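Subject: A structure for you to explore

Hi there,

I am passing on a structure that I have just been looking through. Please open it beside this email and read along.

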Amino acid sequence: MSLTFTATLADRGFDVAFDLAPGETLAVLGPNGAGKSTLLGLLAGLLAPTAGRAELDGTVLFDVGPDRRTLTEPRHRGVSLLAQEALLFPHLTALENVAFGPRSRGVDRGTARATALSWLDRVGAADLAGRRPGHLSGGQAQRVAVARALAADPSLLLLDEPLSALDVTVAPALRTLLRDVLVDRSAIIVTHDPLDAFLLADRVLILDGGTVVESGATASVLTRPVTAFGAHLAGLNLVPGVRTADGFASADGWTVPLTDTAPEDMSLAHSAPENSSLAHSAPEGASLALAVRPGLVTVSRSDTTTQGTACRAAEVDDVEHRGDLVRLHAGGLAADVAPSDVVALGIVPGSRLFLAFRHEDASIYPL
Ligand SMILES: Nc1ncnc2c1ncn2[C@@H]1O[C@H](COP(=O)(O)OP(=O)(O)OP(=O)(O)O)[C@@H](O)[C@H]1O
């Protein structure tokens, strides 16, 4: 089922267009207030756009303009929404909750129950069929909610942070279940978690301030981010710069020759061997990005510039705990270092340090 979507919602500053190919799963990411819920609300029919048109496999979901206003009722859109909380009917059993969708489409009672049972079985919740939601754990209720969303046989499945309300011990199993049911299904998943995007989605759309700021294949966006938010999701440092005669230079003084960056078998460039060559063929002055993992940025008290290493002095802005490591921010880069190094080097906010990374650990690509 393919989807075309163009919509503006003036009072929310929302202006977004995208397409979804048949069977494709799209992850929608972005900071708070970016417009993710607005996008789902427009598709589900909970919100009406100021202008725009969306069509799902030939069915017009909405078509609004100066001289037209078609808004298809939510229940006729072929769209199912799986929310953060399971939102099951409390007075119905799990089986009755799942059978509700087929029943309200006019399917007879016996067939609806059979469909519901088969979906409960598929999500590993057949043994919960007779229980009411009050007697289900959060993870069990969300499994039943997945079965309910799919029993309605939607053309498009919308998932609004479906794992965020779950305990960390339960979320991985449900993620695996979603991965299984999303294969070949047209779906849009709103998430804050890059792992969800990576494991569940073919493509990523990053929204900010109500507009699309970055989009592309998940692997590409998470290895070659072009916005600060994309880099944050990917867990990478992103340094904007330009193509010079020798290679890459940033405004704040990082220079990296292109001859010895990321050979095709190196970590970052591995998934995108065309990176270096694209940067190589960029004309002088073209915008480039340099990405390097915080774990590959080293810190020291003295200049460690050598052949094959970029090094710059910088002042430490901030120091934060990150699991077993300490992340320090300095000179526009994040570096993950061992707590023992922080102590040995006497690093505090305001310290002056040298940051360095090997040229071959950086990935350089056109912005
Ligand atoms: N009910 C509402 N009435 C008016 N404006 C709203 C309403 N809900 C959200 N907005 C505004 O619309 C914009 C987009 O919000 P939206 O909730 O879609 O963002 P989001 O990306 O889902 O954020 P979050 O990650 O915090 O859930 C924001 O500027 C927000 O303030």
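In the protein chain, what share of the contacts between residues at least 6 apart in sequence join residues at least 24 apart? The share is 65%, where two residues are in contact if their C-beta atoms, placed from the backbone, lie within 7 Å.

Two notes before you go on. This is a predicted model, in which local features need pLDDT of at least 70 and side-chain atom pairs count only at pLDDT 80 or more, while totals for chains, interfaces and linings use all residues. Residues are numbered from 1 along each chain as its sequence is written.

**The whole chain**

The C-alpha atoms of the protein chain fill a box of roughly 75 × 50 × 40 Å along the principal axes. Of the 367 residues in the chain, 41% are buried, meaning that 20 or more other C-beta atoms, placed from the backbone, lie within 10 Å of a residue's own. The chain has 11 helices and 21 strands; these are DSSP runs numbered from the N terminus, with at least four residues (H or I) for a helix and at least two (E) for a strand.

**Two sheets to look at**

One open sheet has five strands in the order S2-S1-S4-S5-S6, with antiparallel pairing (two strands pair if DSSP finds at least two bridges between them). Strands S2 (14-20) and S6 (68-71) are at the edges with a single partner strand each, so one side of each has no neighbour in the sheet. The twist averages 15° from one strand to the next, using lines fitted to C-alpha atoms as axes and angles from 0 to 180 degrees between N-to-C directions. Within this sheet, S4 (residues 51-56) and S5 (residues 59-65) are joined in the antiparallel sense by five bridges. Look for Arg-53, whose bridge partner in S5 is Asp-63.

Another open sheet of five strands runs S14-S13-S12-S15-S21, again with antiparallel pairing. Here the edges are S14 (255-257) and S21 (363-366); each has a single partner strand, so one side of each is left free of a neighbour in the sheet. The twist averages 30° from strand to strand. S12 (residues 237-243) and S15 (residues 287-292) pair in the antiparallel sense over six bridges, and Pro-240 stands opposite Ala-289 in S15.

**Around the ligand**

The residues surrounding the ligand include Arg-12, Asn-32, Lys-36 and Thr-38, counted where a C-beta atom, placed from the backbone, lies within 6 Å.

Enjoy exploring!

Methods:
A residue is buried if 20 or more other C-beta atoms lie within 10 Å of its own, exposed if 12 or fewer, and partly exposed in between; C-beta atoms are placed from the backbone.
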